[in-house]
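Welcome! Take a moment to look over the model below, and then let us walk through it together.

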Amino acid sequence: EFKHTVNGDVTFTAYFEKSSAYKNDYAYIFGYNDTNMGAEGSLLRSEASAMVHRLVKQNGKLGSFKYDPSNPSFADIQGEWFQSGIEFMHHKGAFTVEEGGNVQPYITITRGEAFKFIALGLGFATDTTLSNAEYANLLHGLGYIQGDENGDLNVNGMITRAEFCTM
C-alpha cells in the first residue's frame, strides 16, 4: 500500500505488487525513500532524462540505443542512478558535451527543455537543431501540451514534476 498527500489536502492510495520486476518493468516515476514524490518541486535534467528513457524502454522502442556504463559520454554521470537516461537523451541529440565534459544533471530545466526531451525522446522529432519554442509548438500542434489562459507555452519558465508527468 502506498499513500501520498499533495498540498496537505488530497490523499490517494495505490496498491501494488511488491516485486522488483513490477517496479522495473512498468514504473517510470519513482519517489523518494520517504514516499514523497515532490510533485510541486522543480524538475532536474537527470530526472526528466530518466523518466523519458523508462517510458521508451518499457515500450520496447529504444531502437539502436546501446551504452557502456563504464564509458560515460559525460564526466559527471558515471555510476549515477540516471546514467542510462542521460545517455539515452544524448543518443537522441538532446545534449552536447559542455566544457569540462559535463552535462550538469542536477540543474533544473525549463519547460522548453522538457518539451525538447519529450519531442526527441519519444520520437516526435529527430531534428536536433530546433529551438525549444519550435519543440513546444510541435507538441502543441499534436495536442500533447496546452498553453495557459492566454495561449502562452512559457518555454523559458521552470517546470514542476507534476506538470511534466501530465504531458
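Let us begin at a single residue, N154, which is partly exposed, with a relative accessible area of 39%. You will find N154 in the loop between α5 and α6. Although N154 is not a glycine, its phi is positive, at about 50°. Keep in mind as you look that this is a predicted model.

A second residue of this kind is Q104, which sits in the loop between α3 and α4. Q104 is not a glycine either, and yet its phi is positive, at about 55°. With 37% relative accessibility, Q104 counts as partly exposed, because that value falls between the 20% limit for buried and the 50% limit for exposed.

Now follow the chain onward into helix α4, which spans 111–121. Here 11 of the 11 residues are buried, so α4 is largely enclosed by the rest of the structure. Among these buried residues are R111, E113 and K116, as well as F115, F117 and I118. What lies over them? The cover includes α2, α3, α5 and α6. Just after α4 comes G123, which takes a positive phi of about 85°.

With α4 in view, we can turn to the nonpolar interior. In soluble globular proteins, nonpolar side chains tend to be buried together. The largest nonpolar core in this model has 32 residues, and F117 and F164 have the most contacts inside it. Two or more residues of this core come from each of α2, α3 (83–91), α4 and α5 (132–141). Which element gives the largest share? That is α4, with 6 residues.

Of the two residues with the most contacts in the core, F117 is buried, with a relative accessible area of 0%. For F164, leaving aside neighbours within four places in sequence, the contacts are L43, A48, M51, V52, A114, I118 and I159.

The aromatic rings deserve a look of their own, as there are 7 aromatic pairs. One of them joins F74 and F95, edge-to-face, with 6.2 Å from centre to centre and 90° between the planes. F74 is in the loop between α2 and α3, while F95 is in the loop between α3 and α4, so this pair ties together parts that are 21 residues apart in sequence. Both F74 and F95 are buried.

F95 also pairs with F117: their ring centres are 5.5 Å apart and their planes stand at 85°, so this pair is edge-to-face. Here too distant parts of the chain are linked, since F95 belongs to the loop between α3 and α4 and F117 to helix α4, 22 residues away. The relative accessible area of F95 is 6%. Elsewhere among the rings, F65, Y67 and F88 form one aromatic cluster.

Our last stop is the second largest pocket, which holds about 200 Å³ of space. It is lined by 11 residues, and L55, I118, L122, F164 and M167 lie nearest its centre. What is the character of this lining, nonpolar, polar or charged? The lining divides into 11 nonpolar residues, with no polar and no charged ones. At least two lining residues come from each of α2 (45–58) and α6 (161–166), and α2 gives the most, with 3 residues. You have met F164 before: this residue is among those nearest the centre of the pocket, and it is also one of those with the most contacts inside the largest nonpolar core.

How values were computed
Residues numbered from 1 in each chain as written. Predicted model: local features only at pLDDT ≥ 70, side-chain atom pairs only at ≥ 80, totals over all residues. Heavy atoms only, no water. 1 Å grid on protein atoms, 1.4 Å probe; cavity = no way out; pocket = protein on both sides within 12 Å on 5 of 7 lines; lining within 4 Å. Points joined across faces, edges and corners; volume = space filled by probe spheres on them. Helix = DSSP H or I, 4+ residues; strand = E, 2+ residues; numbered from the N terminus. Nonpolar A, V, L, I, M, F, W, Y, C, P; charged D, E, K, R; others polar. Core = buried A, V, L, I, M, F, W, Y, C linked by side-chain atoms within 4.5 Å. Buried < 20%, exposed > 50% of the residue type's maximum accessible area, 1.4 Å probe, protein only. Contact = heavy atoms within 4.5 Å. Phe/Tyr/Trp six-rings, centres within 6.5 Å; stacked < 30°, edge-to-face > 60°.
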